[in-house]
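Dear colleague,

Please find below the structure that I am handing over to you, with its sequence. My notes on the pockets, the cavity, the annotated positions and the cysteines follow it.

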Amino acid sequence: MLKQKKLFLFDIDGTLSLGDTLFDGSRALLEYIDAIGGASYFITNNSTKSGADYVAKFARWGLSVRESQFITAGFLTIRFLKAHFPAQKIFVVGTRSFVSELRAQGLWITEQPDSDTACVLVAFDNELTYQKSADACQLLQLHPALPYFATSPDLRCPVPFGFVPDCGAICEMIACATDRRPQYLGKPSPEVVALCLAASGFRPEETLVVGDRLYTDIACGIAGGVDTCVLFTGEAQPEDLPSTEFPPTYAFATVRDLLLNCQSPTA
């Protein structure tokens with residue numbers, strides 16, 4: 001039941017906001033969660049922004065949040081790379097900001113297809129060039145056993161005019177040339193839910209994952225063993241539900257509708 005939920009794990013783009021616009025009801029829902037003694041975490045596959053970047057963005061909306069509330073695909077990727085490739089050369093297709101973030105964490109990052117590269121990483125890159133994708137293809141084909149990772153399988157990213165290609169679409173382009181597909185490190189990994197549960201102290205039955213994508217957001221909640229809610233404010237639409245392999249526990253048209261249902265005495 002929605003009235004039992006205390007820990008809310010929100011996707012951001014297409015769920016709480018679009019570009020620089022906060023959706024109607026998002027602020028009120030976050031205030032409701034604070035009022036009931038709950039907690040909000042923000043689980044995004046957008047690796048172009050760090051947790052600190054999101055804190056600043058939320059501040060522009062007049063929302064006070066902590067960096068520790070953000071579990072981004074970049075954060076998960078850094079954890080993975082530091083555990084498995086702590087002193088090895090990593091080829092990255094990503095934004096200048098993401099590359100800088102990786103280097104700041106002490107990782108050995110290259111943007112050249114060097115022969116001593118230990119793995120390939122592809123991220124959502126809104127600064128993508130043909131040369132970057134060609135260099136990734138070169139490494140993946142010349143070294144067929146080279147480990148290959150990507151931050152997320154998201155195919156498209158919501159923007160004010162519609163959608164643009166996301167990390168998963170970039171990987172599909174590379175796959176067309178190389179027949180190689182990566183291991184994805186962000187959502188739908190159940191690690192996202194586990195980290196939030198451990199940090200917050202709430203129980204799985206008190207937890208709700210909220211997002212606009214079935215194959216990442218809702219799949220993440222299902223994999224993590226918690227209830228889920230899809231909002232039809234981004235990629236997923238009502239006609240997708242009958243055929244999806246990731247059926248949500250709840251579905252609402254907007255974030256305002258989710259809030260109203262949380263507040264309902266019968267929820």
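A residue is called buried here when its relative accessible area is under 20%. The model is a predicted one, and every value below was computed from it.

**Annotated positions**

By that cut-off D11 is buried, because its relative accessibility is 2%. D11 sits in the loop between β1 (7-10) and β2 (17-18). Apart from neighbours within four places in sequence, D11 has contacts with L16, I43, T44, K187, V210, G211, D212 and D217.

Two UniProt features bear on this residue. An unreviewed UniProt entry gives the annotation "active site" to D11 and D13. The annotation "binding site", also from an unreviewed UniProt entry, covers D11, D13 and D212. These three positions are spread over 202 residues of sequence, yet they cluster in space, with a largest C-alpha distance of 8.4 Å. From this set, D11 and D13 belong to the lining of the largest cavity.

K187 also carries the "binding site" annotation in an unreviewed UniProt entry. K187 is found in the loop between β12 (183-184) and α7 (191-200). Since its relative accessibility is 1%, and buried means under 20%, K187 counts as buried. Leaving out residues up to four places away in sequence, K187 touches D11, I43, T44, N45, P153, V192, T216, D217 and C220. The contact between K187 and D11 thus appears in the lists of both residues.

**The cavity**

How many cavities of 30 Å³ or more does the count give? The count comes to one. The largest cavity holds about 70 Å³ of space. Its lining is made up of D11, D13, T44, N45, N46, F124, D154, C157, P158, D166 and R213. By class, these lining residues divide into five charged, three polar and three nonpolar. T44 and N45, which are among the residues that K187 touches, are also in this lining.

**The largest pocket**

The largest pocket has a volume of about 260 Å³. It is lined by 20 residues, of which F124, N126, C157, V159 and V164 are the closest to its centre. Three elements give two or more residues to this lining: β10 (156-159), β11 (162-165) and α6 (167-178). The element that gives the most is β10, with three residues. In terms of class, the lining of the largest pocket has 10 nonpolar, six charged and four polar residues. F124 and C157, among the residues closest to the centre of this pocket, also line the largest cavity.

**The second largest pocket**

The second largest pocket contains about 220 Å³ of space. D34, S40, S64, V65 and Q69 are the closest to its centre among the 13 residues that line it. Two elements, α1 (26-35) and β4 (39-44), each give two or more residues to the lining. The largest share, four residues, comes from β4. The lining of the second largest pocket divides into six nonpolar, four polar and three charged residues.

**Cysteines**

How many disulfides does the structure hold? It holds zero. A disulfide requires a pair of cysteine sulfur atoms within 2.5 Å, and two cysteines illustrate how this cut-off is missed.

- The closest cysteine sulfur to that of C157 is in C167, at 11 Å, so the two are too far apart for a bond. C157 is buried, with a relative accessible area of 7%.
- For C229, the closest cysteine sulfur is in C262, at 7.8 Å, which is again too far for a bond. C229 is likewise counted as buried, because its relative accessibility is 0%.

C157 therefore combines a buried position with a place in the linings of the largest pocket and the largest cavity.

With kind regards

Key
Residues are numbered from 1 along each chain as its sequence is written. This is a predicted model: local features need pLDDT of at least 70, side-chain atom pairs count only at pLDDT 80 or more; totals for chains, interfaces and linings use all residues. Side-chain values use heavy atoms; hydrogens and water are left out. On a 1 Å grid over the protein atoms alone, a cavity is a set of points where a 1.4 Å probe fits but cannot get out, and a pocket is an open set with protein on both sides within 12 Å along at least five of seven lines; lining residues have an atom within 4 Å of a point. Grid points are joined across faces, edges and corners, and a volume is the space filled by probe spheres set on the points. Ala, Val, Leu, Ile, Met, Phe, Trp, Tyr, Cys and Pro count as nonpolar, Asp, Glu, Lys and Arg as charged, and the others, Gly among them, as polar. Buried means under 20% relative accessible area, exposed over 50%, partly exposed in between (1.4 Å probe, protein chains only). UniProt positions are given in the numbering used here, feature names are shortened, and annotations may be inferred rather than shown by experiment. Contact means heavy atoms within 4.5 Å.
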